[in-house]
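Trainee: I have a protein model to read and some questions about it. Can we go through them one by one?
Mentor: Yes. Let us look first.

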Amino acid sequence: MIVLDASAAADLLLRRGRHLKVERLVREHDTASSDLLAAEVLHVLRRFEHCGELDRERAAEAVDDLLDIPLEIYPAFPLARTVWGMRADVSAYDAAYVALAAGLDALLVTTDERLARTARRHCRVADL
């Protein structure tokens, strides 16, 4: 099983960076994520549309594609104490994915290099 974070999901949807590696992992593994994923990815898409990096149609297509990713969604709320315990290392948003990966003994999939380095203290991280 893998846990997909918002950076990897955004790269996948926008076909940027290491999206091909992320796509392969999603295709080959059961995939989970935090219920924070939708809000975080929608925030990224809004920002890209707002600054002109995405047109309205492509942004809407990316939203549809997000909803088509086969994901098992887990609530972040029950992870609050674990997330809080990681506050010195990562943001609460990032810690939700890290805590979920650790709790599921899953591989964290992130394209955020800084998070990948830090997350290795708490869970397994995919080498992208």
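**Reading a predicted model**

Mentor: This is a predicted model. We start with one residue, Ser34, which lies in strand 2 (residues 31-34).

Trainee: Is Ser34 buried or exposed?
Mentor: Check the relative accessibility. Buried means under 20%. Ser34 has 1%, so Ser34 counts as buried.

Trainee: Which residues does Ser34 touch, not counting residues up to four places away in sequence?
Mentor: Leave out the sequence neighbours up to four places away. Contact means heavy atoms within 4.5 Å. That leaves Ile73, Tyr74, Ala76, Ala96, Tyr97 and Leu100.

Trainee: What separates the C-alpha atoms of Ser34 and Glu72?
Mentor: Along the chain, Ser34 and Glu72 are 38 residues apart. In space, their C-alpha atoms are separated by 8.6 Å.

Trainee: What pattern does the protein follow along the sequence?
Mentor: Start with the elements: there are seven helices and five strands. Read along the sequence, they give β-α-α-β-α-α-β-α-α-β-α-β.

Trainee: What radius of gyration does the protein have, against that of a compact globule?
Mentor: The protein has 128 residues. A compact globule with that many would be near 14 Å. The protein agrees with this, because its own value is 14 Å.

Trainee: What does the C-alpha trace span along its principal axes?
Mentor: Three principal axes give three lengths. The trace spans about 40 × 30 × 25 Å.

Trainee: What share of the contacts with a separation of 6 or more comes from residues 24 or more positions apart?
Mentor: Take the contacts with a separation of 6 or more. Then pick those between residues 24 or more positions apart. They account for 68%.

Trainee: What share of the residues counts as buried?
Mentor: The cut-off is under 20% relative accessible area. Apply it to the 128 residues of the protein. The share that counts as buried is 46%.

Trainee: How do helix 1 and helix 2 lie to each other, parallel or perpendicular?
Mentor: Two packed helices are described by the angle between their axes and the distance between the axes. Here the axes of helix 1 (residues 6-14) and helix 2 (residues 19-28) come within 8 Å and cross at roughly 105 degrees. That makes helix 1, relative to helix 2, roughly perpendicular.

Trainee: Which residues of helix 2 meet helix 1?
Mentor: Helix 1 brings Ala8, Asp11 and Leu12. The residues of this contact divide into four nonpolar, one polar and two charged. From helix 2 come His19, Val22, Glu23 and Val26.

Trainee: Is His19 buried or exposed?
Mentor: His19 is found in helix 2. Beyond four places in sequence, His19 touches Asp11 and Leu12. Its relative accessible area is 17%, so His19 is buried.

Trainee: What is the phi of Arg15?
Mentor: Most residues other than glycine have a negative phi. Arg15 sits in the loop between helix 1 and helix 2. Its phi is positive, though Arg15 is not a glycine. The value is near 55 degrees.

Trainee: Is Asp105 buried or exposed?
Mentor: Asp105 is in the loop between helix 6 (92-104) and strand 4 (107-109). Asp105 also has a positive phi, about 50 degrees. Exposed means over 50%. Asp105 has 57% relative accessibility, so Asp105 counts as exposed.

Note on methods. Residues numbered from 1 in each chain as written. Predicted model: local features only at pLDDT ≥ 70, side-chain atom pairs only at ≥ 80, totals over all residues. Heavy atoms only, no water. Axes fitted to C-alpha atoms, helices over the stretch in contact; angles between N-to-C directions. Helix = DSSP H or I, 4+ residues; strand = E, 2+ residues; numbered from the N terminus. Parallel < 35°, antiparallel > 145°, perpendicular 65-115°, else oblique. Nonpolar A, V, L, I, M, F, W, Y, C, P; charged D, E, K, R; others polar. Buried < 20%, exposed > 50% of the residue type's maximum accessible area, 1.4 Å probe, protein only. Rg over C-alpha atoms; globule rule 2.2 N^0.38 Å.
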